[in-house]
Amino acid sequence: MFRFQRAQCALEFDYKPDRTLSFGASIPRRASMADTIFGKIIAGQIPCHKVYEDDRVLAFLDINPLTRGHTLVIPKEPAPTLDQLSDESAAALGRVLPRICRAVIAATGVREYNVLENNGPGAHQAVFHVHFHIIPRPGSNEGLGLRWAARSLDQGEAAELVQSITAALQKAP
Ligand code: 5GP
C-alpha cells in the first residue's frame, strides 16, 4: 500500500503493494533510449504485445496487467517524466490516447477505466520513460485501487498558487 500524505491531503494507491517507494529520490534528467526497458522495446530489442504504432507513439499490453486490457501508451522520445516531454511528442500522444482508450473499451467490453501517468519514484514510477497506463475498471475490486482524501482549497493559498504557476508558465511555457 502506498500513501502520499501532506497536511490533510492523502492519495492512496492499493496497487503494487510490494513496491518500495523512495520519495525525493533523483529523477533522471534525460534518458538515452537504451537506458530503459521501454527504450529497448521501441528499439525492438525486447518483444512486446504491440497494439498501436506511429512515428512518435507506441502502445502495447502491460506485462503485469492490473486488469484484462491494461495497456501502456508511450512516446518514442526517451523523456523520463511528462514535464520533460517535447510539445511534439505530447501532441502526438494526446491525439491517439482517446483513440486507444476507445479500442480498449471495444476489446474488453469495459466502459470505465483509469488513465494513469506516474512521475518520479515517490509517485510510483518504476520505468523512467513517460508512459500512460490505460486500466480497465470492470468492478469495484478490480483495476486501480484509489483512495482520494481531498481537503478544501484555502483561498489565500489558491491566490498565491495561481500567481506562482502563471508566472512560471510565462517564464517557461
Ligand atoms: P510505472 O509504475 O512506472 O508507472 O509502471 C511501469 C509499468 O511497466 C508496470 O505496470 C509494469 O508492469 C510495466 N512493465 C515493466 N516492464 C515491462 C516490460 O518489459 N514489458 C511490458 N509490456 N511492460 C512492462
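This briefing walks through the fold, core, ligand shell and confidence of the structure above. The model is predicted, and the mean pLDDT of its protein chain is 88. The chain has three helices and eight strands, and 19% of its 173 residues count as buried. A ligand is present too, with 13 residues around it.

**Overall fold**

- Reading from the N terminus, you will meet the elements of the protein chain in the order β-β-α-β-β-β-α-β-β-β-α.
- Among contacts in the protein chain with a separation of 6 or more, 61% join residues 24 or more positions apart.

**Nonpolar core**

- The largest nonpolar core is made of 18 residues. Those with the most contacts inside it are Ala-59, Leu-72, Val-73, Ile-74, Ile-100 and Ile-134.
- Two or more residues of this core come from each of helix H1 (37-42), strand E4 (57-61), strand E5 (71-75), helix H2 (87-108) and strand E7 (132-136).
- Val-73 is a handy place to start looking: setting aside neighbours within four places in sequence, its contacts are Val-57, Ala-59, Leu-93, Leu-97, Ile-100, His-131, Phe-132 and Ile-134.

**Ligand surroundings**

- Of the 13 residues around the ligand, the ones that come nearest are Ile-63, Asn-64, Asn-118, Ala-126 and Val-127.
- By character, the shell around the ligand divides into eight nonpolar residues, four polar and one charged.

**The loop residue Ile-27**

- Ile-27 sits in the loop between strand E2 (9-13) and H1.
- Is Ile-27 buried, exposed or partly exposed? Ile-27 has 16 other C-beta atoms within 10 Å; a buried residue needs 20 or more and an exposed one has 12 or fewer, so Ile-27 counts as partly exposed.
- Beyond residues up to four places away in sequence, Ile-27 touches Pro-80, Thr-81, Gly-120 and Phe-128.
- With Phe-128, the separation is 101 residues in sequence but 7.8 Å in space, C-alpha to C-alpha.

**Helix H3**

- Helix H3 covers residues 155-171, and its 17 residues should span 24 Å at 1.5 Å a residue. The end C-alpha atoms of H3 are 24 Å apart, which agrees.
- The number of buried residues in H3 is zero, so this helix lies largely in the open.

**Confidence**

- In the protein chain, 82% of residues reach a pLDDT of 70 or more.
- Confidence is highest in E5, at a mean of 99, and lowest in strand E1 (residues 2-6), at 35.
- Over residues 1-19 pLDDT stays under 50, and the model has 29 contacts beyond four places in sequence for this stretch.

Terms used
Residues numbered from 1 in each chain as written. Predicted model: local features only at pLDDT ≥ 70, side-chain atom pairs only at ≥ 80, totals over all residues. Near = placed C-beta within 6 Å. Nonpolar A, V, L, I, M, F, W, Y, C, P; charged D, E, K, R; others polar. Core = buried A, V, L, I, M, F, W, Y, C linked by C-beta atoms within 7 Å. Helix = DSSP H or I, 4+ residues; strand = E, 2+ residues; numbered from the N terminus. Contact = placed C-beta atoms within 7 Å. pLDDT = per-residue confidence, 0-100. Expected span 1.5 Å × (residues − 1).
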